[in-house]
Amino acid sequence: MKVSVLGSTGSIGTQALEVVDDLKGIKDIEVVAISGNSNISLLEEQIRKYKPEYAAVSDKSSADKLRIAVADTECKVLSGQEGLCHIAAESGADMVLSSIVGFAGLVPTICAIEAGCDIALANKETLVTAGKLFMDAIAEKGVRLLPVDSEHCAIFQSLHGGKPKELSKILLTASGGPFFGRTRDELVGVKKEQALKHPNWSMGAKITIDSATLMNKGLEVLEARWLFDVDIDDIEVVVQRESIIHSMVEFCDKSVIAQLSLPSMKHPIQYAFTYPDRLPSKDDRVSFADIAKLTFAKPDEDTFRCLALAKKAGKMGGIMPTVMNAANEVAVAKFLRDEIEFLEIAEIVEKTMDSYKAEKNVSIEQIAEIDKEVRQSIERGN
Ligand code: NAD
Ligand code: MG
């Protein structure tokens with residue numbers, strides 16, 4: 001199988017390349033293209049190790065530097081969104097791993113679908129902002145869409161326990177993040193260093209902050225809504241503190257089927273690469289005796305407003321999820337630059353959503369325009 005890894009320098013991308021190493025000798029996987037933003041030394045290392053035919057770098061001057069660094073290899077270095085779309089659609093990949101963070105992943109992922117590639121989807125923001133267009137394109141092209149988000153991979157696996165018409169609820173698990181159990185007062189003045197300390201997972205900065213605000217769970221509700229074609233009200237978020245149960249499904253006979261494993265993103269990545277087969281994994285096994293107990297709770301949507309806001313945007317539909325997502329991306333970036341307080345992330349998302357109407361039936365071009373408009377307006381401080 002030929003794989004193109006969009007976002008190969010990130011948390012998911014680097015783990016995906018480790019999975020390729022782990023599968024050596026049991027599954028033939030060739031990495032035909034990789035991409036990154038500006039981490040040139042890591043891209044160079046990856047080019048020398050995996051020998052992809054293409055590498056794409058979004059930033060043009062970084063692409064020039066990489067071109068010089070790997071001039072002695074066969075790798076062609078491309079740049080900008082065009083370059084990303086090229087390695088998504090024209091690198092000869094059978095499967096494209098979409099693991100760029102944020103809205104920037106949308107257009108290259110759509111290009112990959114249109115070129116008939118199977119998609120292993122880590123980038124949840126694409127489904128959140130363009131869910132209908134995305135799923136229509138998947139259906140039209142008849143390509144496979146394999147969820148890499150751990151919860152959605154768990155739901156996908158659990159759904160094998162019954163027929164689609166027998167499904168009654170999706171139970172989407174959440175760790176609760178680093179601030180679980182805190183009141184609003186206890187969140188005043190929290191620093192990014194605290195928000196970046198996730199109890200169970202080591203991930204990129206943006207998703208780690210999203211996990212602390214519970215926006216990550218909100219995005220995942222919308223992701224599940226599109227992936228599994230269910231109503232938002234049929235998706236129940238359950239806090240599962242230890243991140244051992246990665247999600248569950250409840251069928252009409254009240255039977256609940258779950259997927260359990262230690263918290264490792266290598267599991268869903270490997271499952272996407274080997275589906276429909278299961279192959280041996282280098283991950284540790286779950287030792288229930290050592291874990292001793294699993295803890296559950298209800299999420300606190302009054303304190304962690306982002307979860308409620310994402311659901312609201314999903315129910316309103318149209319452009320509202322795009323507005324919500326863009327506002328969140330900018331607010332998180334501002335928090336990471338120490339420009340705003342933690343609690344202001346939800347405030348910015350809410351205020352921005354309030355200033356838009358949920359227009360329906362938008363094209364990808366209109367979604368991109370709205371995304372840009374929202375970003376500019378928040379950056380200007382409107
Ligand atoms: P990350 O920040 O570690 O990596 C992001 C990757 O995207 C890097 O390769 C970076 O170079 C590239 N990138 C960033 N901005 C770009 C731009 N404007 N244009 C092109 N490339 C750009 O992020 P991550 O944690 O690996 O997350 C990637 C995606 O996977 C996110 O959508 C996240 O929500 C999702 N996800 C991540 C995890 C996890 O454990 N990290 C789990 C589930 C889902
Ligand atoms: Mg997840």
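Student: Let's start with the largest cavity. Into how many nonpolar, polar and charged residues does its lining divide?
Tutor: Keep in mind that this is a predicted model. The cavity itself holds about 80 Å³ of space. Sorted by class, its lining comes to six nonpolar, two polar and one charged.

Student: Which residues line that largest cavity?
Tutor: The count is two cavities of 30 Å³ or more, and we're still on the largest of them, at about 80 Å³. Its lining is made up of Thr213, Thr303, Phe304, Arg305, Cys306, Phe342, Leu343, Ile345 and Ala346.

Student: And which elements give two or more residues to the lining of the largest cavity?
Tutor: Among the lining residues are Arg305, Cys306, Ile345 and Ala346. The elements that reach two or more are H13 and helix H15 (344-354).

Student: Phe342 caught my eye there. How is its ring set against that of Phe335, and what is the pair called?
Tutor: The structure holds five aromatic pairs. In the one formed by Phe335 and Phe342, the ring centres are 5.7 Å apart and the planes meet at 65°. Planes over 60 degrees apart get their own label, so this pair is edge-to-face.

Student: Is Phe335 buried or exposed?
Tutor: The cut-off for buried is under 20% relative accessible area. Phe342, its ring partner, is at 3% and falls below that. Phe335 also has a relative accessible area of 3%, so call Phe335 buried.

Student: Which residues form an aromatic cluster?
Tutor: Look beyond the pair of Phe335 and Phe342. One cluster brings together Phe156, Tyr271 and Tyr275.

Student: How far from the ring centre of Trp226 does Arg225 lie?
Tutor: There's a charge over a ring elsewhere too, with Lys76 over the face of Tyr54 at 5.1 Å from the ring centre. Arg225 lies over the face of Trp226, and its distance from that ring centre is 3.8 Å.

Student: Trp226 makes me think of pockets. Where does the second largest pocket lie with respect to domain 1 (2-148) and domain 2 (152-379)?
Tutor: This pocket has a volume of about 460 Å³ and is lined by 22 residues. Nearest its centre are Gly131, Lys132, Trp226, Gly317 and Gly318. Domain 1 and domain 2 both give residues to the lining, so the pocket lies between them.

Student: Which element gives the largest share of the second largest pocket's lining?
Tutor: The second largest pocket is lined by 22 residues. Two or more of them come from each of H6, H10 and helix H13 (305-316). The largest share, six residues, comes from H6.

Student: Now the largest pocket. Which residues are closest to its centre?
Tutor: Its volume is about 900 Å³. Of the 50 residues that line the largest pocket, the closest to the centre are Ile12, Ser99, Val101, Gly204 and Ile207.

Student: Which element gives the most to the lining of the largest pocket?
Tutor: The lining draws at least three residues from each of domain 1 (2-148) and domain 2 (152-379). By class, it has 16 nonpolar, 26 polar and eight charged residues. With five residues, the top contributor is H9.

Student: Last one: which residues line the second largest cavity?
Tutor: Its volume is about 30 Å³. The lining has one nonpolar, two polar and four charged residues. They are Val19, Asp22, Lys266, Gln270, Ser281, Lys282 and Asp283.

Notes. Residues are numbered from 1 along each chain as its sequence is written. Chains are lettered from A and ligands numbered from 1 in the order in which they are written. This is a predicted model: local features need pLDDT of at least 70, side-chain atom pairs count only at pLDDT 80 or more; totals for chains, interfaces and linings use all residues. Side-chain values use heavy atoms; hydrogens and water are left out. Rings of Phe, Tyr and Trp (its six-membered ring) pair if their centres lie within 6.5 Å; planes under 30 degrees apart count as stacked, over 60 as edge-to-face and the rest as tilted. Buried means under 20% relative accessible area, exposed over 50%, partly exposed in between (1.4 Å probe, protein chains only). A charge sits over a ring if NZ of Lys or CZ of Arg is within 6 Å of the ring centre and within 35 degrees of the ring normal. On a 1 Å grid over the protein atoms alone, a cavity is a set of points where a 1.4 Å probe fits but cannot get out, and a pocket is an open set with protein on both sides within 12 Å along at least five of seven lines; lining residues have an atom within 4 Å of a point. Grid points are joined across faces, edges and corners, and a volume is the space filled by probe spheres set on the points. Helices (H or I, at least four residues) and strands (E, at least two) are DSSP runs, numbered from the N terminus. Ala, Val, Leu, Ile, Met, Phe, Trp, Tyr, Cys and Pro count as nonpolar, Asp, Glu, Lys and Arg as charged, and the others, Gly among them, as polar. Domain bounds come from an automatic or database domain assignment.
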